[in-house]
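Student: Could we go through how the labels on this model are decided? I would like to set the values against the cut-offs.

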Amino acid sequence: MVPVDKAENMADVADVASEAFRLAEHGLFPIPLHRPLPGGTGCSCGQESCKKQSWGKHPVKKAWAKSVTQDPDVLQQDFEGLYRNVGIVIGPAHGIPAEQAIVDVEDDTDAGTALARRLRGDSRTRTLPII
């Protein structure tokens, strides 16, 4: 885990915590994710085996699927003052109706890009900013 003093920008740390709270207020389930290290030198997990395409995209908690919450006290422990990314749990297992489920396709590989194009077809898509 990378300490806060290694963050590129302390405001970024606060912004991520704020976003986690905001997502929960909108009925979503935020989870803490690792972050890419400043300068693109690795992942905050510190694992040598962490592949570049996973930097900043995998959960901090091993049992993340069982520990999702909107509880502000837990979110504060998970995010405030910590160098983390935020993700959301998007599956029906957490009360999201199937017709409102979100599909997330990682298109940072050729196979992922091809799958995203096939699934998207002529549908309009919306790109959200990455925190």
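Student: Why is the sulfur of Cys-43 not in a bond with the closest cysteine sulfur?

Tutor: Good place to start! A disulfide is a pair of cysteine sulfur atoms within 2.5 Å. The sulfur of Cys-43 lies 3.8 Å from that of Cys-45, its closest cysteine sulfur, so the two are too far apart for a bond. Searching the whole structure gives zero disulfides.

Tutor: A word on the source: this is a predicted model, where local features need pLDDT of at least 70 and side-chain atom pairs count only at pLDDT 80 or more, while totals for chains, interfaces and linings use all residues. Residues are numbered from 1 along each chain as its sequence is written, and side-chain values use heavy atoms, leaving out hydrogens and water.

Student: What makes Cys-43 count as buried?

Tutor: Its relative accessibility is 7%, and buried means under 20% relative accessible area (exposed is over 50%, partly exposed in between; 1.4 Å probe, protein chains only). Cys-45, at 14%, therefore counts as buried too.

Student: How many cavities of 30 Å³ or more does a search of the whole structure find?

Tutor: One. On a 1 Å grid over the protein atoms alone, a cavity is a set of points where a 1.4 Å probe fits but cannot get out, and lining residues have an atom within 4 Å of a point. The largest cavity holds about 50 Å³ of space, the volume being the space filled by probe spheres set on the points.

Student: Which residues line the largest cavity?

Tutor: Among them are Pro-30, Ile-31, Pro-32, Trp-64 and Asp-78. The largest share, three residues, comes from β1.

Conventions. On a 1 Å grid over the protein atoms alone, a cavity is a set of points where a 1.4 Å probe fits but cannot get out, and a pocket is an open set with protein on both sides within 12 Å along at least five of seven lines; lining residues have an atom within 4 Å of a point. Helices (H or I, at least four residues) and strands (E, at least two) are DSSP runs, numbered from the N terminus.
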